[in-house]
Amino acid sequence: MTEITKRSGILAGGNWILDEVKVIDKFPEEQALVNILDEYTSNGGSAYNILTDLTQLGANFPLAGIGLVGNDFQGIRIIDHCKEIGIDTQQIAMIPNVATSYTTVVSVKTTGKRTFFHHRGASSKLKPGHFDFKKSNARIFHLGYLLLLDSLDEVREDGRTDASRLLEKAKSEGFKTSIDLVSEDSERFKTVIPNSLPYVDYLFLNEFEASKLSGINLMNQENPKLMHESCQEVFTHLFDLGVNEWIIIHYPAGVFAAHRAGARLFQPSVKLNPEQIVGSNGAGDALAAAILYGLHEEWTMEENLKLGVCAAAASLTHVTCSDGVLDIEACLNLDERFGYRQ
């Protein structure tokens, strides 16, 4: 038995956010009034979403979080929720005089399109000193939403970020490392992210983030053949920057995974009926959680991708990030009920 297989569980660090989701009838012009049709409060942020999704899937291995919340009602709510669903909160600290991070998510009922108003709050104070890898025997360390981690994203004089150093340390401590990014509309992708990639084993991106990071446009690509060719260019570019094992790019038509050794796998997404798609908030995190589950359990990547698109489809049936995610068996049954896109 190798050292990595003696380890068990997933440790996720990053943002711990409450999403205040408001479903509206249409997106307003400035100074105009629209109607709020429904309201929900739920988990938000990559670390919180992925660990919550893993509990929804039925993961039976240890799950633990690292991050910061404010010493306020919202922070208490996050800690209590994590404990209730079985997430180890030993390294989720409450800090004074800073509000818990939150996002007001405005989702248009007729289109499912979302707009985000984010308060960075306590998560912006997260620093390397808050991470104690010695307290964890997890197999995988996931650092979520780079570009939304403020202090960890700051590029130092040597050209590296603290996120990069954390990932290097995690690898030296025996973890497999995983990251995802936030879809920030900026040019920071090429200055903040590349120095972390030599210390990343699993990289999750949507088509917007992949375009920003690589400089190769994947947006609004309707032709599947051309999309796959463009993804191949992205894979080559990002492996040249140092990603160690898998790059996973997800977009509405499916998910495309590439291994450094040469494997290329595409899995179409589940063909849900349009009326079943309520909101896309958290669908990418659900896909990442499912694939991380399979990686932890040493499934094949083909199996991981199928569970990934099924979990993402389940997520789409609810306006919040995780409430639509089903257990593994129920998720996998979605492909028999609805089939895959052609």
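**Entry 1: His142**

I started with the surroundings of His142 in this predicted model, and, leaving out residues up to four places away in sequence, I found that His142 touches Leu11, Ala12, Gly13, Ser46, Ile50, Ser178, Ile179, Asp180 and Leu292. His142 sits in strand 8, which covers residues 140-146. I looked up the relative accessibility of His142 next, and because the value is 0%, I recorded the residue as buried. For the side chain I noted a polar contact of 2.7 Å between His142 and Ser178.

**Entry 2: helix 2 against helix 8**

Among the residues touching His142 are Ser46, Ile50 and Leu292, and I met these names again when I listed the contact of helix 2 with helix 8. On the helix 2 side I wrote down Ser46, Asn49, Ile50, Asp53, Leu54 and Leu57, and on the helix 8 side Asp285, Ala286, Ala288, Ala289, Ala290, Leu292 and Tyr293. Sorting the residues of this contact by character, I obtained 9 nonpolar, 2 polar and 2 charged.

For the geometry, I noted that the axes of helix 2 (residues 46-57) and helix 8 (residues 283-296) come within 8 Å of each other and cross at roughly 60 degrees. I therefore entered the two helices, helix 2 and helix 8, as oblique to each other. The crossing of helix 2 past helix 8 is right-handed.

I also checked Gly284, which belongs to helix 8. With a relative accessible area of 26%, Gly284 is partly exposed, because buried would require a value under 20%. As a distance check I took the C-alpha atoms of Gly284 and Glu39, which are 245 residues apart along the chain and separated by 22 Å in the model.

**Entry 3: Asn43**

I then turned to Asn43, which is placed in strand 3 (residues 36-44). Its relative accessibility is 5%, so I counted Asn43 as buried. Which side chains make polar contacts with the side chain of Asn43? I found one polar contact of 2.8 Å to Asn49, and another of 2.9 Å to Ser322. Asn49 also appears on the helix 2 side of the contact with helix 8. Setting aside neighbours within four places in sequence, I listed Ile17, Asp19, Tyr48, Asn49, Thr52, Cys321 and Ser322 as being in contact with Asn43.

**Entry 4: helix 6**

My last entry concerns helix 6, which I found to be mostly covered, with 7 of its 8 residues buried. The buried residues are Glu207, Glu209, Ala210, Ser211, Lys212, Leu213 and Ser214. When I asked what covers them, the elements included strand 9 (176-181), helix 5 (189-192), strand 10 (202-206), helix 7 and strand 11 (246-251).

At the N-terminal end of helix 6 I noted a cap by Asn206, a side-chain oxygen of which lies 3.0 Å from the backbone nitrogen of Phe208. Following helix 6 is Gly215, for which I recorded a positive phi near 80 degrees.

I looked at the packing on helix 7 separately: helix 6 (residues 207-214) and helix 7 (residues 224-241) have axes 10 Å apart, at an angle of about 50 degrees. That angle makes helix 6 oblique to helix 7, and I noted the crossing of helix 6 and helix 7 as left-handed. Glu207, Ala210, Leu213 and Ser214 of helix 6 meet Met227, Val234, His237 and Leu238 of helix 7. The residues of this contact between helix 6 and helix 7 came out as 5 nonpolar, 2 polar and 1 charged.

Terms used:
Residues are numbered from 1 along each chain as its sequence is written. This is a predicted model: local features need pLDDT of at least 70, side-chain atom pairs count only at pLDDT 80 or more; totals for chains, interfaces and linings use all residues. Side-chain values use heavy atoms; hydrogens and water are left out. Axes are lines fitted to C-alpha atoms, for helices over the stretch in contact, and angles run from 0 to 180 degrees between N-to-C directions. Helices (H or I, at least four residues) and strands (E, at least two) are DSSP runs, numbered from the N terminus. Angles under 35 degrees count as roughly parallel, over 145 as roughly antiparallel, 65 to 115 as roughly perpendicular and the rest as oblique. A crossing is left-handed if the near helix is turned anticlockwise from the far one by less than a right angle, and right-handed if clockwise. Contact means heavy atoms within 4.5 Å. Ala, Val, Leu, Ile, Met, Phe, Trp, Tyr, Cys and Pro count as nonpolar, Asp, Glu, Lys and Arg as charged, and the others, Gly among them, as polar. Buried means under 20% relative accessible area, exposed over 50%, partly exposed in between (1.4 Å probe, protein chains only). A polar contact is a pair of N or O atoms within 3.5 Å; within protein, one must be able to donate a hydrogen and the other to accept it, and residues adjacent in sequence count only if both atoms are side-chain atoms.
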